[in-house]
Amino acid sequence: MIILKKIIITIVFMCFVSFAIMNSKDCSATDAASASAVTDSALKVEEDLKGKSIIYLTFDDGPTSSTTPKVLKILRKYDVKATFFTINYSEENEKYIRKEAEEGHTVAIHGYSHDYKKIYSSRKAFMKNLKKQQKKIFKSTNNKVWIFRFPGGSSNLVSRHYKKGIMKKLVKVTKKAGYIYHDWNVDSRDAGGARNEKDVYRNVVKGLKKKRGNIVLMHDFSGNYKTVNALKKIIKYGKKHGYEFRAITESTPVVHHNVQN
């Protein structure tokens, strides 16, 4: 009887050990698969630009009736997608927002207002301004956008006049809220410094670099003809020299300036 009990106990123990080993292997396989999936997902953004020369044309401060439709016409002609960081727009200019979205461009947020004094007076004021434009774009396009650009860029110093340290706080707050901000690494200087289309063209071409994402700062504010006139040449130069044009998306690697306030 004692021998029989020992045999039964031994059999039960061996079954338990076998089950534990098999279960451990299954878990390890699952964990490995999960880890692989996470790794693949994490590499997507990096692989997006690996060895590629990309140009992201971006236009701030629109839409306007004098500039935006001309920009869209050129982009359409050369089959180029771009990104528009928009501010508050009239009912009449809403059609340009819809056109941007319909033609595959990214409609992003610059802010309902561009008034530095108002938007950089407090964290609350900035977030209210950001969300207000987000809601307006959603109403026009039925798309809730999370991509934005700080008026003046994240490195702006003008905010110091209204709230010391505000930019460092906003960078953290907006990220926590799910927003993605983009600065730029190529400046056309069409909002200051560039006197004509030749200057705009020269500034952009001079700033481009191979095997990276080139986020180009331009504007479609009212009457910005120097940029409109330079745009065709910029696109032709980019295509001739092996650059690919893309619109910014949520998976685009960000370009951030050093925050100075």
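Trainee: Which residues are linked with Asp 199 in a network of salt bridges?
Mentor: Keep in mind that this is a predicted model. Asp 199 and Arg 202 form a salt bridge, with their closest N and O atoms 2.8 Å apart. The network of salt bridges around Asp 199 takes in Arg 195 and Arg 202.

Trainee: How many residues apart are Arg 202 and Asp 199 in helix 7?
Mentor: Both sit in helix 7, and about one helical turn separates them. That is because their spacing along the chain is 3 residues.

Trainee: Is Asp 199 buried or exposed?
Mentor: Its partner Arg 202 counts as partly exposed, at 46% relative accessibility. For Asp 199 the value is 9%. The cut-off for burial is under 20%, so Asp 199 counts as buried.

Trainee: Which side chain meets Glu 197 in a salt bridge?
Mentor: Glu 197 is in helix 7, and its partner is 36 residues away in helix 8. Glu 197 counts as partly exposed at 27% relative accessibility, and the partner also counts as partly exposed, at 43%. The N to O distance is 3.5 Å, and the side chain in question is Lys 233.

Trainee: What is the residue that forms a salt bridge with Asp 60?
Mentor: Look at strand 1, where Asp 60 sits, then go to the loop between strand 4 (147–148) and helix 6 (166–176), 89 residues apart in the chain. Asp 60 is buried, and so is its partner. The closest N and O atoms are 2.8 Å apart, and the partner is Arg 149.

Trainee: How many salt bridges does the count come to?
Mentor: Asp 60 with Arg 149 is one of them, and Glu 197 with Lys 233 is another. The count comes to 7.

Trainee: How many residues of strand 1 are buried?
Mentor: Strand 1 covers residues 54–62 and is mostly covered. Asp 60, for instance, is buried. The number for strand 1 is 9 of its 9 residues.

Trainee: Which strand is joined to strand 1 by 7 bridges?
Mentor: Strand 1 runs parallel to strand 2 (residues 83–87), with 4 bridges, including Thr 58 to Thr 83. It also runs parallel to strand 8 (residues 244–245), with 2 bridges, one of them pairing Ile 54 with Glu 244. Leu 57 has Val 216 as its bridge partner, and the strand joined by 7 bridges is strand 7.

Trainee: Which residue does a cis peptide bond join to Gly 62?
Mentor: Omega for that bond is about 10°. The residue you want lies in the loop between strand 1 and helix 2. It is Pro 63.

Trainee: What is the phi of Asp 79?
Mentor: Asp 79 is in the loop between helix 2 and strand 2, and it counts as exposed at 60% relative accessibility. Lys 211, in the loop between helix 7 and strand 7, also has a positive phi, near 55°. For Asp 79, a residue other than glycine, phi is near 55°.

Trainee: Which helix gives the most to the positive patch?
Mentor: The patch on the surface gathers Lys 70, Lys 73, Lys 77, Lys 232 and Lys 236. Two elements give two or more residues, helix 2 (68–77) and helix 8 (225–240). Lys 70 has its place in helix 2 and counts as partly exposed at 38% relative accessibility. With 3 residues, the top contributor is helix 2.

Conventions: Residues are numbered from 1 along each chain as its sequence is written. This is a predicted model: local features need pLDDT of at least 70, side-chain atom pairs count only at pLDDT 80 or more; totals for chains, interfaces and linings use all residues. Side-chain values use heavy atoms; hydrogens and water are left out. Patches are made of residues with over 30% relative accessible area and no salt bridge: like charges are joined within 9 Å, nonpolar side chains (Val, Leu, Ile, Met, Phe, Trp, Tyr) within 5 Å. Accessible areas come from the Shrake-Rupley method with a 1.4 Å probe; for residues, only the protein chains shown count as cover. A salt bridge is a side-chain nitrogen of Lys or Arg within 4 Å of a carboxyl oxygen of Asp or Glu. Lys and Arg count as positive and Asp and Glu as negative; His and the chain ends are not counted. The place of a charge is taken as NZ of Lys, CZ of Arg, CG of Asp or CD of Glu. Buried means under 20% relative accessible area, exposed over 50%, partly exposed in between (1.4 Å probe, protein chains only). Two strands pair if DSSP finds at least two bridges between them.
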